[in-house]
Amino acid sequence: MSCGDHGRPRRPGHRAPGCTIDTVPELPEVESLALFLRERATGAEIDWAASTAISVLKTYTPDLSALSGQKVTGTARYGKFLDVVSGPEPLHLVMHLARAGWLRWKDDLPELRPKPGKSPLGFRLRFTDGSGFDLTEAGTKKRLAVYLVTDPQQVPGVASLGPDPLADDFTVDTLAGLLKGRRTQIKGVLRDQKIIAGIGNAYSDEVLHAARMSPFKIASSLTPDEVAALYAAMRGSLREAVERSAGLAAADLKAEKKSGLRVHARTGQPCPVCGDTVREVSFADSSLQYCPTCQTGGKPLADRRLSRLLK
């Protein structure tokens, strides 16, 4: 959520003009998009791919023309990055939807390539049967990113990712090692892609609520029992979100994310666990939501300066 109120907290239930619910694609949505494309596009032959904005395409070798004639062999996810894999020459079309981007599948795309313009369209990929997908981005801050590479590790954001929290080898000891010595707030640690891959603003709120933990708690201060609770909440919340969205069409994923959230973007509404009012702390370009009874011992968080009271 972006509200531009420069860190001033708002009254519960109040939303500044222009505020919108945060639907940034995070691990569960990108995982579901990967599954959706795997089912729809595997085996399909690529007709062409085109970028309609200079800012979208981040690589130039190989050229997008290398995709023509390639067949989709599968898909993958790296944190919040989506990868469409094609062959016979192994190529990876790696996409990051950023804050306001989305993937839109269409069964019938025009034969002609789109021309650059001021529309939300940033990238289009068409298959020889006429189907394909668009990448669109709302707003003026253009952060949608597309890379065509022979190895996903050639994408800087992928190469720097921390471990995936749903990976089989991500254990409670893995999490304990990542938190050890970090004198930073746990909310920020969960959102840092270089520490843990795939969790953003919305699901960090959800994980911390499930773990009954203050977002301002210092990461290194967690006891072994608290680390175990956070681990269980993280895996459980993410798996539940992935299961809810599995099998949904790309167009339905945003609505599913909104409906499944317990505290994020629900300021002023009752906590589904205890009934207390969900509160909010706002910053310059984002906000967090939490339940005082479940997470902070009943103490409302006024702003970041109060974090020292809730260690």
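This dialogue walks through several features of a predicted model, from its sheet and helix packing to its cores and its unusual backbone sites.

Reader: I would like to begin with the sheet, so what should I know about strand pairing, and what is the order of the strands in the open sheet of four strands?

Author: In general, the strands of a sheet pair through backbone hydrogen bonds, in either a parallel or an antiparallel sense. In this model an open sheet of four strands follows the order β2-β3-β4-β8, and its pairing is antiparallel. The edges are formed by β2 and β8, each of which pairs on one side only. When direction is ignored, neighbouring strands of this sheet are turned against each other by 20 degrees on average.

Reader: Over how many bridges do β4 and β8 pair, and which residue of β8 does H96 stand opposite?

Author: The antiparallel pairing of β4 and β8 extends over five bridges, and within β8 it is A145 that stands opposite H96. On this sheet packs α1, which touches β2 and β3 and whose direction makes about 170 degrees with that of β2.

Reader: There is also a pairing further along the chain, so how many bridges join β9 to β10, and how many residues does the hairpin between them contain?

Author: Strand β9, residues 279-282, is joined to strand β10, residues 287-290, by four bridges, and the two strands run antiparallel. The hairpin that links β9 to β10 passes through four residues, and S282 has S287 of β10 as its bridge partner.

Reader: Turning to helices, how should I describe a packed pair, and at what angle do the axes of α3 and α6 cross?

Author: Two packed helices are described by the angle between their axes together with the distance between those axes. Here the axes of α3, residues 172-179, and α6, residues 224-245, come within 9 Å and cross at roughly 115 degrees. With angles of 65 to 115 degrees counted as roughly perpendicular, α3 and α6 are therefore roughly perpendicular to each other. The crossing of α3 and α6 is right-handed, and the contact is made by V172, L175, A176 and L179 on the α3 side and by V227, A228, L230, Y231 and M234 on the α6 side.

Reader: Which residues touch the most other members of the largest nonpolar core, and which elements give two or more residues to this core?

Author: The largest nonpolar core has 33 residues, of which L67, L93, F123, L125, F133 and L135 touch the most other members. Two or more residues are given to this core by each of α1 (27-41), β1 (46-51), β3 (81-87), β4 (91-96), β5 (101-106), β6 (121-127), β7 (132-137) and β8 (145-149). The largest share, six residues, comes from α1. Another core lies apart from this one and has 28 residues, among them L27, F170, A219 and L222.

Reader: If I choose L93 as a point of entry, with which residues is it in contact, leaving aside its neighbours within four places in sequence?

Author: With those neighbours left aside, L93 is in contact with L67, L82, D83, V84, F123, L125, F133, V146, Y147 and L148.

Reader: I would also check the backbone for exceptions, so which peptide bond to P62 is cis, and which one to P88 is cis?

Author: The bond from T61 to P62 is cis, with omega near 0 degrees, and P62 sits in the loop between β1 and β2. The bond from G87 to P88 is also cis, with omega near 15 degrees, and P88 is placed in the loop between β3 and β4.

Reader: What is the phi of A98, and is A98 buried or exposed?

Author: A98 has a positive phi of about 55 degrees although it is not a glycine, and A98 lies in the loop between β4 and β5. Its relative accessible area is 10%, so A98 is buried. Phi is likewise positive at A265, near 65 degrees, and this residue is found in the loop between α7 and β9. A265 counts as buried because its relative accessibility is 7%.

Reader: Finally, where is the place of C291, and with which residues is C291 in contact, leaving aside its neighbours within four places in sequence?

Author: C291 has its place in the loop between β10 and α8, and C291 is buried, with a relative accessible area of 0%. Neighbours within four places in sequence left aside, C291 is in contact with H209, C271, C274, D276 and T296. The C-alpha atoms of C291 and E280 are separated by 8.7 Å, the two residues being eleven residues apart along the chain.

How values were computed:
Residues are numbered from 1 along each chain as its sequence is written. This is a predicted model: local features need pLDDT of at least 70, side-chain atom pairs count only at pLDDT 80 or more; totals for chains, interfaces and linings use all residues. Side-chain values use heavy atoms; hydrogens and water are left out. A nonpolar core is a set of buried Ala, Val, Leu, Ile, Met, Phe, Trp, Tyr and Cys residues joined through side-chain atoms within 4.5 Å. Buried means under 20% relative accessible area, exposed over 50%, partly exposed in between (1.4 Å probe, protein chains only). Contact means heavy atoms within 4.5 Å. Two strands pair if DSSP finds at least two bridges between them. Axes are lines fitted to C-alpha atoms, for helices over the stretch in contact, and angles run from 0 to 180 degrees between N-to-C directions. Angles under 35 degrees count as roughly parallel, over 145 as roughly antiparallel, 65 to 115 as roughly perpendicular and the rest as oblique. A crossing is left-handed if the near helix is turned anticlockwise from the far one by less than a right angle, and right-handed if clockwise.
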